[in-house]
Amino acid sequence: MRRLYKYLAALVLGFGILAGVRWALRAYITQVPTGTWVSAGNLSMPRANAATVMLADGRMLITGGANGAVPVATVDIFDASGNLTAGPPMNVPRSQHTSTLLQDGRVLVAGGLDGNGNPISTAEIYDPTVN
C-alpha cells in the first residue's frame, strides 16, 4: 500500500510540475511567426554594407554603410516596439566595417572602407546610455 501512495504522490507531483511548465511556456513564449514580412519603417538613408549590433537593452544599432559608392556616417536605432529612429552620426563615414558590443554596453565601430575603397584605420565608440 505504501508503494501505491508513493507512486500516486509522484504522479500528482509530476502533473503539477507539468502544468506549471505549461503555464510558464504559455506566459513567456511569443507567438510563432506567420512566415510573412512586415514593414519595419524606413532607414534615415538608403544604404548597403552597413553593420548591425544588438545593444544590451535589446535595441539594434545600424551603423554606416554605403549609398551607392559613397560611404555614410548615418546611424539608425531599431527598438523592440518596432520604431526606427535616426541616431547620432559617426565621426567617420565608413562601409564594410564592424560593430562590436563591448562588455560595458558600449559599441566599438572599427575599420571599413572609405569612398576610394581604401581601408580605414580608425575606430570610434558609441555609448547607448547617452542616446
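How many bridges join strand 1 to strand 2, and in which sense do the two strands run? In this predicted model, 4 bridges join the pair, and the strands run antiparallel.

**Strand pairing**

Strand 1 spans residues 51-54, and strand 2 covers residues 60-63. Within this pair, V53 has L61 of strand 2 as its bridge partner. The two strands form a hairpin with 5 residues between them. In that hairpin, G58 takes a positive phi near 95°.

Strand 2 also pairs with strand 5, which is made of residues 75-78. This pairing is antiparallel and has 4 bridges. Here M60 stands opposite F78 of strand 5.

In a regular strand, side chains alternate between the two faces of the sheet.

**Positive phi outside glycine**

Two residues with a positive phi are N49 and Q96. Neither N49 nor Q96 is a glycine. The table gives the phi value and the loop for each.

| Residue | Phi | Loop |
|---|---|---|
| N49 | about 60° | between helix 1 (2-28) and strand 1 (51-54) |
| Q96 | about 55° | between strand 6 (84-86) and strand 7 (98-101) |

Is N49 buried, partly exposed or exposed? Its relative accessibility is 42%. N49 therefore counts as partly exposed, because that class lies between the 20% limit for buried and the 50% limit for exposed. The loop that holds N49 leads from helix 1 to strand 1, and strand 1 is joined to strand 2 by the 4 bridges described at the start.

Conventions: Residues numbered from 1 in each chain as written. Predicted model: local features only at pLDDT ≥ 70, side-chain atom pairs only at ≥ 80, totals over all residues. Heavy atoms only, no water. Buried < 20%, exposed > 50% of the residue type's maximum accessible area, 1.4 Å probe, protein only. Pairing = 2+ DSSP bridges.
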